[in-house]
Amino acid sequence: MPSTSPTSRKPLARLALRGGGGEPILFAQTIGSHGCAALAPAVVAPDYSWYRTALRIGERVVPITLAVDAGELAIHADARLGASQSRAVVAQVTRMFRLGDDLSPFYRAVAGDPDLQFAALGAGRLLASPTVFEDVVKTICTTNCAWSATVRMTAALAGLGDGAFPTPERIAATGERWFTDVARMGYRGPYIAALGRDVAAGRLDLERLLPAHGMTDDDVEAALLELPGVGPYAAAHIMQLLGRHRRLILDSWTRPTYLARSGKKRATDTTMRRAFARYGEYAGLAFWLYLTRDWVPQP
DNA sequence: CGTCCAGGTCTAC
DNA sequence: GGTAGACCTGGACGC
């Protein structure tokens, strides 16, 4: 982990910190947008000034560091790459930040909203992992356990992957005992092993859930709910990372946090959904930002 | 040392 | 379709 700014070397690429509608993107708010973004092999700088993870470019593992340089998103790669490999890095970073997504309709919707208008400065992009597979596995590792267990399980998984998150093939080639006995994932072990096998064998294509493939929210949710270990909470969480922002993430952290933020004594899931329904397709994003607005200091 | 539960899900009614 | 009970793990409690 670099202890100082990594921007001393020439970046591999620099991308505009603008979304698909020309709206601004705050780097710190994005890399600090949710807890999973900081799970291994990724590292978030304590002051949110850089973000580190590793990509797979063909057969290679390419560690990258992202930071803001002269108002742009600078990508530093700890490896010498050819032109097509560099393009692959840029494509994956573009996907992680979902630079093509246009959040400006959401920003217009929160204008004048005392709770959420802060977001229009460039918050609300929930950082995705390099692959949907990584986000699905990590999300399953958040279920029914303390956050410390999520950190432990995902760190063990990252250790399988030569520096990057392990491929489905690598997981498929690992005995199921490893997940339970070494990674200590309990009953989640068989779920993760089965996911790796199904993706590696081509029976399951998680990357098709990306917005580019034109599926409806309902279809994506149904496909996610088919996955072992993915229920309503996990599906909503993964959908947020896919840029599908309608579903509210409802779990043992968001529910009490909503009460604390709103000052209400109690609120059912239906009450919370109704309270954010006016944000339409951004209801889940509005809910998440309402709960996490003070995570990263606002500029 | 036992019980409870944490960023839930699955199976069986 | 809605609701108990079980489920790995390990840290936080109460006794």
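The C-alpha centres of domain 1 and domain 2 lie 22 Å apart in this predicted model. Domain 1 covers residues 13–101 of chain A, and domain 2 covers residues 132–238.

**Contact between the domains**

To their contact, domain 1 contributes 10 residues and domain 2 contributes 15 residues. On the side of domain 1 that touches domain 2, two or more residues come from each of the strands β3 (50–57) and β4 (60–69). Of the elements on that side, β3 gives the most, with three residues. By class, the side of domain 1 that touches domain 2 holds eight nonpolar residues, one polar residue and one charged residue.

**Surfaces near the DNA strands**

DNA strand B is surrounded by 20 residues, the closest of which are Gly35, Gly231, Ala234, Ser252 and Trp253. Helix α10, spanning residues 232–241, gives the most to the surface near DNA strand B, with four residues.

The residues that surround DNA strand C are Asn144, Cys145, Ala146, Ser148, Ala149, Thr180, Arg184, Gly186 and Tyr187. The table sets out the classes of residues for the domain contact and for the two DNA surfaces.

| Surface | Nonpolar | Polar | Charged |
|---|---|---|---|
| Side of domain 1 that touches domain 2 | eight residues | one residue | one residue |
| Surface near DNA strand B | 10 residues | nine residues | one residue |
| Surface near DNA strand C | four residues | four residues | one residue |

For DNA strand C, the surface therefore counts one charged residue under the classification in which Arg is charged, and Arg184 is among the residues that surround this strand.

Definitions and conventions. Residues numbered from 1 in each chain as written. Chains lettered and ligands numbered in written order. Predicted model: local features only at pLDDT ≥ 70, side-chain atom pairs only at ≥ 80, totals over all residues. Domains from an automatic or database assignment. Contact = placed C-beta atoms within 7 Å. Near = placed C-beta within 6 Å.
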